[in-house]
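Me: I'd like to go through this structure and ask why things carry the labels they do. Could you take me through the reasoning, please?

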Amino acid sequence: QYGDIWTNDEYLQFMYERLILLRELLSDTGSIYLHCDWHKSHYLRAIMDEVFGINNFLNEVIWYYRRWNIASTVFAGNHDTLLYYAKNRGRHTFNQLYIPKSEKSSAQGKSWKSVIGEDGIRRSIQTDEPTKGVPMPDMWEISMINPVGNERLGYPTQKPEKLIERIIHASSNPGDLVFDCFMGSGTTQAVAMKLGRRFIGADINLGAIQTTTKR
């Protein structure tokens with residue numbers, strides 16, 4: 001969004017300085033998600049590797065969304081990327097999320113458990129305990145906001161609440177503090193409030209502050 005006023009080098013310097021600051025502000029058990037598209041994702045991952053350390057990289061989450069595609073000379077672009085890092089991998093807060101089992105699963109409604117037999121071989125056995133589903137993968141299919149939906153505020157970079165809900169559920173607990181320094185229309189702050197988290201928001205754009213305050 002800054003391409004019209006900054007060169008690529010200026011933008012990357014801006015992001016580097018802010019990511020340094022965000023690392024200092026981050027809790028020892030905290031983590032950070034950075035949303036980007038194909039224009040800058042390769043640059044930003046390199047910067048985050050330097051700032052947070054390669055060993056603190058957790059996931060490259062693909063946010064896949066459906067939209068009206070037209071024929072072209074390239075494949076249609078239907079995803080963005082979330083770069084997910086911890087301040088201290090292994091100490092970071094993570095709440096396992098699940099998706100429903102496939103309809104083809106042989107254990108509908110039941111859980112599997114891994115056990116080691118007397119022969120020392122690990123096997124999976126089916127239990128009578130109700131299943132939570134399948135651990136969530138790193139590809140999330142979440143629709144973009146409906147152009148005429150009640151959620152839409154008209155802000156150009158607005159994210160779906162469902163996307164932010166998933167992040168906040170996974171990486172924080174009630175009462176934790178959530179910070180978004182590129183808050184745009186305030187989706188992170190709105191979702192954090194609904195989920196019982198404390199929050200701080202900031203943005204370089206005064207319009208974002210006004211939109212979020214009203215929201």
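Reply: Gladly! This is a predicted model. A good place to start is Tyr-33, which stands opposite Tyr-84 in β3.

Me: How do you know that β1 and β3 are paired strands?

Reply: Pairing asks for at least two bridges between the strands. Here 6 bridges join β1 to β3 (residues 79-86), and the two run antiparallel, so β1 and β3 count as a pair.

Me: What makes β1 largely enclosed by the rest of the structure?

Reply: A residue is buried when its relative accessible area is under 20%. In β1, residues 31-36, this holds for 5 of the 6 residues, so the strand is largely enclosed.

Me: Which residues have the most contacts inside the largest nonpolar core?

Reply: They are Leu-19, Ile-32, Leu-44, Met-48, Phe-52, Leu-83 and Tyr-85, in a core of 19 residues. Two or more residues each come from α1 (8-25), β1, α2 (41-52) and β3, and α1 gives the most, with 6. Apart from this core lies another, of 15 residues, including Val-61, Ala-86, Leu-97 and Leu-163.

Me: And what is Tyr-85 in contact with, beyond its neighbours within four places in sequence?

Reply: Its partners include Ile-32, Met-48 and Phe-52, and also Ser-31, Arg-45 and Asp-49. Others among them are Gly-53, Asn-56, Phe-57 and Leu-58.

Me: Why is Phe-179 called partly exposed?

Reply: Partly exposed covers what falls between the buried limit of 20% and the exposed limit of 50%. Phe-179, in strand β9, has 36% relative accessibility, so it counts as partly exposed.

Me: What makes Phe-179 eligible for the nonpolar surface patch?

Reply: One requirement is over 30% relative accessible area, and Phe-179 is at 36%. It makes the patch of about 460 Å² together with Leu-21, Leu-25, Leu-177 and Ile-200. The elements giving two or more residues to this patch are α1 and β9 (177-180).

Me: Why is Ile-62 called partly exposed as well?

Reply: Its relative accessibility is 22%, while buried means under 20%. Ile-62 therefore counts as partly exposed. This residue lies in strand β2 (residues 57-64).

Me: What does Ile-62 touch, not counting residues up to four places away in sequence?

Reply: Ile-62 touches His-79, Asp-80 and Thr-81, along with Asp-138, Met-139 and Trp-140. As for Asn-78, it is 16 residues from Ile-62 along the chain, and their C-alpha atoms are separated by 9.9 Å.

How values were computed
Residues are numbered from 1 along each chain as its sequence is written. This is a predicted model: local features need pLDDT of at least 70, side-chain atom pairs count only at pLDDT 80 or more; totals for chains, interfaces and linings use all residues. Side-chain values use heavy atoms; hydrogens and water are left out. Buried means under 20% relative accessible area, exposed over 50%, partly exposed in between (1.4 Å probe, protein chains only). Helices (H or I, at least four residues) and strands (E, at least two) are DSSP runs, numbered from the N terminus. A nonpolar core is a set of buried Ala, Val, Leu, Ile, Met, Phe, Trp, Tyr and Cys residues joined through side-chain atoms within 4.5 Å. Contact means heavy atoms within 4.5 Å. Patches are made of residues with over 30% relative accessible area and no salt bridge: like charges are joined within 9 Å, nonpolar side chains (Val, Leu, Ile, Met, Phe, Trp, Tyr) within 5 Å. Accessible areas come from the Shrake-Rupley method with a 1.4 Å probe; for residues, only the protein chains shown count as cover. A salt bridge is a side-chain nitrogen of Lys or Arg within 4 Å of a carboxyl oxygen of Asp or Glu.
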